[in-house]
Amino acid sequence: MNLSVEIAGVRFKNPLIAASGTFGYGVEYEGVLDLSRLGGFVSKGLYLEPREGNPTPRLAETPSGLLNAIGLQGVGIRTFVRDVLPRIARHDTVHLVNICGDTVEEYAEVARVCDGAPGIAGLEVNISCPNVKKGGLAFGGDPRMTHEVVAAVRKATRLPVIPKLSPNVADITVFARAAEEAGADALSCINTLLGLAIDVETRRPRLAFGTGGLSGPAIRPIAVRMAWQAARAVSIPVIGIGGISCASDALEFLIAGCRAVQIGTANFVDPGVHERILSELQEWMERQRVEDIGQIVGTLDYPGLSPTPARDSEVCG
Amino acid sequence: MIAQMVANRIAPLVHREGLGGGYFLLTFRHRETAVEARAGQFVMIKAGSSAELPLRRPFSIMTTDPERETFTLFVKEVGAGSRALCALSPGEGAQCLGPLGRHFTPPPEGTEALLVAGGYGVAPFQLFGALLQGRGGSGRLFYGGRTALDLPLLDRLSRGGVPVVPATEDGSVGHHGRVTGAVAEWLDGIRGPARLYACGPEAMLHAVARLAGERALAAEVSLDPWMGCGLGTCLSCVVPIQRRGEARPKYRCACTEGPVFDAARVVWPGEASSREHGEEAGA
């Protein structure tokens, strides 16, 4: 049975990757789980400089969901490369770094710092964080900006470049194609959905930042739909993300056309969730007589739909 | 702190005792926590085995039984997470991650330990009281609540361990007034060195920190901010802490760098300075 998948020339032992912002810098899990069992993991988003993040409260539970406005608290890319990366590099797993910026130049500079560093297999470009005032969604909400930032990162590094797209747009395929045209090697779909939870006693938002990004099972059907749309719109691989907490959730994304998936919020509920999903996935493959996980990618039987979508619009022309 | 083994696994409930008023004592089998947990440490726990939300909840470890490989939590039914936990029957499992966090630091020899508990914040002090007794040190537990109903462990704690001084705001049992008033009175009457340890509502912790500050006493407080993961990755339980030599406070995770902090290093609400809602927020 083969569970391994290849994305942008990088081989993942299995298609289950821990998502950025839900797995710290990976090393927090040393001693709690075996990092070498992961398909891979994506570090918490990093800017050039350290970030303090947003005031508290930063997290609120909603029905089947988690609303967060952490604000990308982090140590900054140079401290990360110097102090944290050597510890990560000791583990036999694929490590991607989620990179952020207030400006196009900052994204490119963070990418350059990562370029020569051992222990980084690729860069996930965060153009979709809803919880920062500058950057973030500004790049992911305008296809021209998406193109510009991805092209700048592409130029700055030889590492695989994987933009993480926002669901807070009318048509994700426009952004998927913009990223592909700019030289992306793969896409991560999706980041959190912009939400607002209100404390009715105080009539104030439940998060200090105000709005937040919604994750968890509540967003899964939206995420599957958007990942499916993106996968049909581009020829580069898509990594599906959104509310996965068991193997059948992961399989939905794979069947919809994603080559791998990321597990996010469920890591908070159970740090051992990856191992559980992996064994469930193996059971499913045995039962379905699937030899290679790659065989099920994009096998969605969707009545009345043409096998490949029409590509009728150019993005940045 | 010594490096500890943290284990994530299903912990079966072995004993459940209702104390009335929505309070329960829940005993689970979980070897690492039973063997290694120290006073002030906690577990992240949730009924059932699904990885679906809601999140696990943090609970202070009240007692441990290393031989039986069990530990006991003092839980009040408040929301969905604690209700599901209190509804478990013996034999049913909970997902448990622990032991987690920084524990209370025992006082130097000859220093009296004053343990200040508000409501169900009393949980860590049974383990701490036992530790103090084992060391032959002197200690006293000040156990406060609004009424006698908020002190469901009073009889149990009074039967053994360190002496207990109850305090209720309505005067229904013990000292009439806030628990910090009882602590201040006690401090007025003693000559030797003392150190404060507190767990309870934030306002009480802040009052203990002020009391310690006024009398130049060391104090440790166990903070209870909203916690998501217990491992320092969700970054939701951060609290502003300003260590010696630092120009400004830094957000630190209560789950990994706390929950027990030096009270003098905590930037309390209302005391905040540059960190709050300034230009940097959201950037």
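Here is a quick tour of a predicted model with chains A and B. We start with how the chains meet, then look at the domains and the sheet of chain B, a helix of chain A, and a few unusual backbone spots. In chain B, the sheet to look for has seven strands. In chain A, keep an eye on helix H6(A), where ten of 14 residues are buried.

**Where the chains meet**

- Between the two chains, 39 residues of chain A are in contact with 29 residues of chain B.
- On the chain A side, strand E5 (59-62), strand E6 (65-68), helix H8 (266-269) and helix H9 (273-288) each give two or more residues.
- H8(A) provides the largest share of that side, with three residues.
- If you sort the chain A side by residue type, you get 17 nonpolar, 14 polar and eight charged residues.

**The domains of chain B**

- The domain assignment splits chain B into domain 1 (7-100), domain 2 (104-222) and domain 3 (225-283).
- Take domain 1 and domain 3 of chain B: their C-alpha centres are 27 Å apart.
- These two domains do touch, with seven residues of domain 1 in contact with six residues of domain 3.
- On the domain 1 side, strand E3 (42-47) and strand E7 (93-100) of chain B give two or more residues each.
- That domain 1 side is made up of six nonpolar residues, one polar residue and no charged ones.

**The seven-stranded sheet of chain B**

- Strands of a sheet are held together in pairs by backbone hydrogen bonds, running either parallel or antiparallel.
- Reading across this open sheet of chain B, the order is E11-E10-E9-E8-E12-E13-E16, and the pairing is mixed.
- Its edges are strand E11 (175-176) and strand E16 (260-262) of chain B, each of which pairs on one side only.
- Strand E10 (residues 164-168) of chain B pairs with E11(B) in the parallel sense, over two bridges.
- Zoom in on that pair and you'll find Thr168(B) opposite His176(B) of E11(B).
- Helix H5 (residues 179-189) of chain B packs on the sheet, touching strand E8 (112-118), strand E9 (139-145), E10, E11 and strand E12 (194-199). The direction of H5(B) makes about 165 degrees with that of E8(B).
- Helix H6 (residues 202-214) of chain B packs on the sheet too, touching E8, E12 and strand E13 (219-222) of chain B. Compare its direction with that of E13(B) and the angle is about 170 degrees.

**Helix H6 of chain A**

- Don't mix this one up with H6(B): helix H6 of chain A covers residues 220-233.
- From first C-alpha to last, its 14 residues reach 20 Å, close to the 20 Å expected at 1.5 Å a residue.
- H6(A) is mostly covered, and its buried residues include Arg220(A), Met226(A), Trp228(A) and Arg232(A).
- What do the buried residues of H6(A) pack against? Their partners in chain A are strand E9 (161-165), helix H5 (172-181), strand E10 (187-189), strand E15 (238-241) and helix H7 (247-255).

**A buried alanine in chain A**

- Ala156(A) belongs to helix H4 (residues 143-156) of chain A.
- Ala156(A) counts as buried because 21 other C-beta atoms lie within 10 Å, and the cut-off is 20 or more.
- Leaving out residues up to four places away in sequence, Ala156(A) touches Ala108(A), Ala111(A), Arg112(A) and Asp115(A).
- Ala156(A) and Phe253(A) are 97 residues apart in sequence, and their C-alpha atoms are 31 Å apart in space.

**Unusual backbone spots**

- Most peptide bonds are trans, and most residues other than glycine have a negative phi.
- The bond from Cys189(A) to Ile190(A) is cis, with omega near 15 degrees. Ile190(A) sits in the loop between E10 and strand E11 (193-195) of chain A.
- Another cis bond joins Gly258(B) to Pro259(B), with omega near 10 degrees. Look for Pro259(B) in the loop between strand E15 (250-253) and E16 of chain B.
- Ala216(B) has a positive phi, near 55 degrees, and lies in the loop between H6 and E13 of chain B.
- Leu235(B) also has a positive phi, about 60 degrees, and its loop runs between E13 and strand E14 (238-241) of chain B.
- Which counts as buried and which as exposed, Leu235(B) or Ala216(B)? Ala216(B) counts as exposed because it has 7 C-beta neighbours inside 10 Å, whereas Leu235(B) counts as buried because it has 25.

Technical notes
Residues numbered from 1 in each chain as written. Chains lettered and ligands numbered in written order. Predicted model: local features only at pLDDT ≥ 70, side-chain atom pairs only at ≥ 80, totals over all residues. Pairing = 2+ DSSP bridges. Helix = DSSP H or I, 4+ residues; strand = E, 2+ residues; numbered from the N terminus. Axes fitted to C-alpha atoms, helices over the stretch in contact; angles between N-to-C directions. Expected span 1.5 Å × (residues − 1). Buried ≥ 20, exposed ≤ 12 C-beta atoms within 10 Å, placed from the backbone. Nonpolar A, V, L, I, M, F, W, Y, C, P; charged D, E, K, R; others polar. Domains from an automatic or database assignment.
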